[in-house]
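Work through the exercises below with the sequence and the model open. Each task is followed by a solution in steps.

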Amino acid sequence: MTDSLIRTETREKRTEKGTTYLLSSFFFSIILTIVCQRTVKAQSLPPAKYDGFLYTNHRVDSDTLMIEAFFDPVCPDSRDAWPPLKQAIHHYGSRVSLIVHLLPLPYHDYAFSTSRAMHIVNLLNPSATFRLLESFFEYQGRFYNAQTSNKSRDAVVDEIIKLAAETFGNSYYSAIESGFNDRKTDLKTRISFKYSASRGVFGTPTFYINGFAVPDSGSAIDYKQWRSFIDPLLLAQSRKRDNLPHLSL
């Protein structure tokens with residue numbers, strides 16, 4: 001075989017291999033695009049229920065001020081922010097409503113597990129959810145980074161389950177433990193994280209009033225500050241109602 005024929009045959013083989021490679025890459029790209037589109041569509045579906053735990057169970061209407069709080073159960077600033085916020089909510093009664101969203105921060109080692117425990121307890125008995133949040137705040141030192149450095153994950157999760165059972169009722173220990181093996185509670189906790197991210201929240205505590213961010217997010221707001229935010233809004237509502245024409249029957 002002459003050198004020219006050999007070179008021609010070699011070029012043909014290279015061309016064939018190149019064509020095969022391009023076709024393979026093309027089909028792989030199509031498959032990857034389809035998979036990605038399906039994944040994005042699956043993730044873009046909204047949850048069946050609005051994220052968060054409703055603290056107040058009174059009627060909510062268009063005049064009710066809606067406060068949203070983003071907390072991490074093992075965040076010291078979230079812990080310090082809760083008592084004055086709770087005091088303000090009780091002061092205003094039915095004029096103000098509160099929803100608490102959980103944002104498990106990645107630099108708090110067991111933020112996700114404690115948040116998941118709250119979702120589990122909320123499924124079992126919603127009335128115990130905020131009691132558990134307060135228990136996590138009270139015993140936060142047991143689950144905060146350095147205190148868990150020499151313990152296994154299973155040991156720490158078991159402590160979380162025990163605290164939840166002590167708060168909720170020791171007879172619920174098995175149900176709470178089973179909740180940590182339930183994929184649904186894992187997904188609920190992830191949805192909370194994704195919801196917080198979708199709102200642009202990256203630290204705790206963060207607060208919104210009627211959908212607008214409250215200044216000084218990331219630190220505790222005292223009771224006097226809450227009054228300074230809420231009082232003018234309720235006063236504006238009252239003046240608006242007073243200026244409405246009164247209809248006679």
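Helices here are DSSP runs of at least four residues, numbered from the N terminus. By that rule Ala81 falls in helix H2, residues 76-92. The model is a predicted one.

**Exercise 1. Describe the protein chain as a whole: how many helices and strands are there, and in what pattern?**

Step 1. The protein chain has eight helices and five strands.

Step 2. Along the sequence they follow the pattern α-β-β-α-β-α-α-α-α-α-β-β-α.

Step 3. Of the 249 residues, 37% count as buried.

Step 4. Take the contacts in the protein chain with a separation of 6 or more: 74% of them come from residues 24 or more positions apart.

**Exercise 2. Decide whether Ala81 is buried or exposed, and list its contacts.**

Step 1. The cut-off for buried is a relative accessible area under 20%. Ala81 has a relative accessible area of 0%, so Ala81 is buried.

Step 2. Neighbours within four places in sequence are left aside; Ala81 is then in contact with Phe71, Pro205, Phe207 and Ala220.

Step 3. Phe71 is 10 residues from Ala81 along the chain, and their C-alpha atoms are separated by 9.0 Å.

**Exercise 3. Check the span of helix H7 against the expected value, then describe its two ends and its surroundings.**

Step 1. Helix H7 covers residues 183-198, which is 16 residues. The expected span is 1.5 Å times one less than the number of residues.

Step 2. H7 should therefore span 22 Å, and its end C-alpha atoms are 22 Å apart, which agrees.

Step 3. At the start of H7, a side-chain oxygen of Asp182 comes to within 2.9 Å of the backbone nitrogen of Lys184.

Step 4. After H7 comes Gly200, with a positive phi near 80 degrees.

Step 5. Thr185, Asp186, Thr189, Ser192, Tyr195 and Ser196 are the buried residues of H7. They pack against strand E2 (65-71), strand E3 (96-102), helix H3 (111-124) and helix H6 (173-179).

**Exercise 4. Describe how H3 and H7 cross, and which residues make the contact.**

Step 1. Two packed helices are described by the angle between their axes and the distance between the axes.

Step 2. The axes of H3 and H7 come within 9 Å and cross at roughly 115 degrees. The crossing is right-handed.

Step 3. H3 contributes Phe112, Ser115, Arg116, His119, Ile120 and Leu123 to the contact, and H7 contributes Thr185, Asp186, Lys188, Thr189, Arg190 and Ser192.

Step 4. Sorted by type, the residues of this contact are three nonpolar, five polar and four charged.

**Exercise 5. Compare the surroundings of Thr189 and Ser192.**

Step 1. Thr189 lies in helix H7, and so does Ser192.

Step 2. Thr189 counts as buried because its relative accessibility is 0%. Ser192 counts as buried at 2%.

Step 3. Apart from neighbours within four places in sequence, Thr189 is in contact with Phe112, Ser115, Arg116 and His119.

Step 4. With neighbours within four places again set aside, Ser192 is in contact with Asp51, Leu102 and His119.

Step 5. His101 is 91 residues from Ser192 along the chain, yet their C-alpha atoms are separated by 6.6 Å.

**Exercise 6. Repeat the span check for helix H5, and say what its buried residues pack against.**

Step 1. H5 covers residues 153-168, has 16 residues and reaches 22 Å from its first C-alpha to its last, close to the 22 Å expected.

Step 2. The buried residues of H5 are Val156, Val157, Glu159, Ile160, Ile161, Leu163, Ala164, Ala165, Thr167 and Phe168.

Step 3. These residues pack against H3, helix H4 (129-138) and H6.

Step 4. Gly169 follows H5, and its phi is positive, near 140 degrees.

**Exercise 7. Examine the backbone at Pro205 and Asn210.**

Step 1. Most residues other than glycine have a negative phi, and most peptide bonds are trans.

Step 2. The peptide bond that joins Thr204 and Pro205 is cis, with omega about -5 degrees. Pro205 is in the loop between H7 and strand E4 (206-209).

Step 3. Asn210 is a residue other than glycine with a positive phi, near 50 degrees. Asn210 lies in the loop between E4 and strand E5 (212-213).

Step 4. At 42% relative accessibility, Asn210 counts as partly exposed.

How values were computed. Residues are numbered from 1 along each chain as its sequence is written. This is a predicted model: local features need pLDDT of at least 70, side-chain atom pairs count only at pLDDT 80 or more; totals for chains, interfaces and linings use all residues. Side-chain values use heavy atoms; hydrogens and water are left out. Buried means under 20% relative accessible area, exposed over 50%, partly exposed in between (1.4 Å probe, protein chains only). Contact means heavy atoms within 4.5 Å. A polar contact is a pair of N or O atoms within 3.5 Å; within protein, one must be able to donate a hydrogen and the other to accept it, and residues adjacent in sequence count only if both atoms are side-chain atoms. Axes are lines fitted to C-alpha atoms, for helices over the stretch in contact, and angles run from 0 to 180 degrees between N-to-C directions. A crossing is left-handed if the near helix is turned anticlockwise from the far one by less than a right angle, and right-handed if clockwise. Ala, Val, Leu, Ile, Met, Phe, Trp, Tyr, Cys and Pro count as nonpolar, Asp, Glu, Lys and Arg as charged, and the others, Gly among them, as polar.
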